[in-house]
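Good morning, colleagues. Thank you for the opportunity to present this protein today; please turn to the sequence and the structure as they appear.

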Amino acid sequence: MHAANIPLRGIYEISEILTAPTRLEITLANVVNILSSFLQMRHGAMVALDADGELEIVATAGNNHAPQSDWRRVIPQAVVDRIVATGAPLVIHDVSKSELFQAGLQTALSGTHMPVTFIGVPIEAEEEILGTLSIDCVRDGAASMRCDEDVRFLTMVANLVGRTIRLHRILGSDRQRLDEGRRAEKSVDEKQTRPARHSHVKIDGIIGESPALKQVLETVAVVARTNSTVLLRGESGTGKEFFAQAIHKLSPRSKKAFVKLNCAALPESVLESELFGHEKGAFTGAVSQRAGRFELANGGTLLLDEIGEISPAFQAKLLRVLQEGELERVGGTRTLTVDVRLICATNKDLETAVVNGEFRADLYYRINVVPIMLPPLRERPGDIPRLAQAFLERFNSENHRKLAFAPSGLDLISQCYFPGNVRELENCVRRTATLARSSTIATSDFACQNSQCLSSLLWKGADRSNDSNAGDEFGRNRMPVGSPLGARRIGASEGEEVPVNARDSSDPAWGATGMRVIDRDRLIDAMQKAGWVQAKAGRILGLTPRQVGYALRRHGIEVKKF
């Protein structure tokens with residue numbers, strides 16, 4: 001059969017299986033078994049979840065494949081959680097290098113000197129994740145080119161399977177109420193099962209209607225139902241602790257403790273005692289036995305904020321606890337077992353830290369099971385007025401005031417950049433409300449009108465490109481210091497440049513367009529640090545990706561591809 005006809009023939013045969021009048025368990029098993037006729041696979045697995053997100057059906061196939069009771073030898077629970085949480089295909093080109101596959105699973109899947117590739121896709125219907133479909137195979141140089149084709153083929157199969165599962169569930173309901181069953185089932189699904197990925201999930205304490213925030217909330221609602229480790233990424237002030245609390249409150253562990261610890265606030269010796277606890281007399285000042293944060297969070301959730309700041313030595317100690325679920329108190333010999341759902345948070349570029357040897361790769365993979373990127377406030381400008389109003393109402397309640405924003409004042413605050421994100425916005429509202437001269441907050445009441453806040457300095461384009469300390473600090477938080485902010489104001493169209501401080505085009509540091517000219521050596525250095533990814537280099541230089549591309553073309557620098 002011609003290679004181009006294989007996907008079409010495969011879809012046809014699988015469609016025949018799915019429409020056959022057989023039990024759903026048999027239908028899914030037949031689909032997995034026939035995959036080997038169209039894909040270069042060793043093992044295949046299909047996992048179907050019920051309405052509560054619990055395991056309902058497992059079908060496996062392949063040489064020496066595991067029985068249903070031992071299906072995790074083919075596809076680990078962490079992998080299922082990742083695919084279900086993200087709702088996107090997952091491709092791992094070499095399972096031996098992935099922390100998602102435990103050592104035993106790597107051995108079971110490998111058995112060969114050739115790299116074993118894993119491909120998994122979500123099974124979904126009506127915007128609801130119903131399970132996963134996956135294969136693993138041995139890839140040589142030529143076969144590796146088929147990955148994209150295999151992903152597309154599996155995605156088509158998964159879509160057909162998802163519709164079949166949903167149809168079986170509908171037909172299994174009360175047939176006498178079939179006419180109204182579809183609408184009723186959809187309503188029940190929205191309330192009792194995981195929310196549809198495009199529905200709006202509301203979580204107490206988190207305010208906003210922007211698409212970027214909605215996407216995060218939908219992911220949080222799905223992830224919360226599992227025990228998978230979550231890594232919250234984002235700039236300082238984006239509300240990582242709020243989202244961690246939301247995950248805990250929506251999880252089955254909500255009735256247990258939510259414990260948090262800022263890893264950057266303590267030296268290593270104190271951090272070890274805080275996390276693991278200590279015995280009486282373990283060190284000077286240890287006058288009594290003390291339980292650590294892991295013990296206090298047993299059965300619940302532990303948030304480790306600023307995880308990227310812990311030392312390499314302590315990273316090894318933490319990794320052991322995460323791997324084994326066991327620890328000893330400082331100065332103790334008794335091994336304690338803990339059951340903790342871990343959430344980590346950082347604004348540090350952990351990938352670069354791993355490359356530079358500052359952060360252990362095995363710990364990175366251990367905590368990066370389900371990464372969630374929290375959007376900065378500049379990517380959700382429509383939420384600024386809502387947040388500002390909420391912060392002002394809180395200020396009024398705490399201080400027995402009756403302040404309100406004038407339309408002009410609310411419009412001004414909506415245009416600010418807020419590099420400190422939600423935290424800086426709240427500080428701005430509180431500062432302005434405290435110093436307000438009347439019950440109505442107008443434009444003249446804002447400190448930024450007098451250049452007293454960081455947002456104003458950035459908005460006005462203060463040139464700090466020669467201040468290395470400022471560059472390091474702001475670069476770490478991905479704030480475009482020393483640039484004309486792209487030089488876009490919030491809400492400006494892509495490519496719209498706003499002159500900064502009326503820069504004179506005759507100034508050699510600035511081009512005729514009002515854009516700062518980047519030194520060639522500095523540009524190359526930033527690109528190398530960013531792995532020749534223009535978006536990352538832009539964050540280092542304080543420019544947009546488009547401006548980085550302009551600078552590369554201006555200097556005639558060819559972008560390296562890996």
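How many bridges join strand β1 to strand β5, and in which direction do the two run? I should say at once that this is a predicted model. Strand β1 covers residues 43-49 and strand β5 covers residues 128-138; six bridges join them, and the two run antiparallel. As a specific point of reference, G44 has I135 of β5 opposite it.

Let us now place this pair in its sheet. The sheet is open and consists of five strands, ordered β2-β1-β5-β4-β3, with antiparallel pairing. At the edges stand β2, residues 55-62, and β3, residues 90-92; each has a single partner strand, so one side of each is left without a neighbour in the sheet. From one strand to the next, the twist averages 10°.

Next, the helices that accompany this sheet. Helix α2, residues 24-34, lies across β1 and β2, and its direction makes an angle of about 30° with β2. Helix α5, residues 147-171, lies across β1, β2, β3, β4 and β5. Its angle to β4, which spans residues 116-125, is about 35°.

I close with the protein as a whole. It contains 21 helices and 16 strands. Of its 562 residues, 47% count as buried. If we consider contacts between residues at least 6 apart in sequence, 66% of them join residues at least 24 apart. Finally, the protein exposes about 27,900 Å², and carbon and sulfur atoms supply 49% of that area. Thank you for your attention.

Conventions:
Residues are numbered from 1 along each chain as its sequence is written. This is a predicted model: local features need pLDDT of at least 70, side-chain atom pairs count only at pLDDT 80 or more; totals for chains, interfaces and linings use all residues. Side-chain values use heavy atoms; hydrogens and water are left out. Two strands pair if DSSP finds at least two bridges between them. Helices (H or I, at least four residues) and strands (E, at least two) are DSSP runs, numbered from the N terminus. Axes are lines fitted to C-alpha atoms, for helices over the stretch in contact, and angles run from 0 to 180 degrees between N-to-C directions. Contact means heavy atoms within 4.5 Å. Buried means under 20% relative accessible area, exposed over 50%, partly exposed in between (1.4 Å probe, protein chains only). Accessible areas come from the Shrake-Rupley method with a 1.4 Å probe; for residues, only the protein chains shown count as cover.
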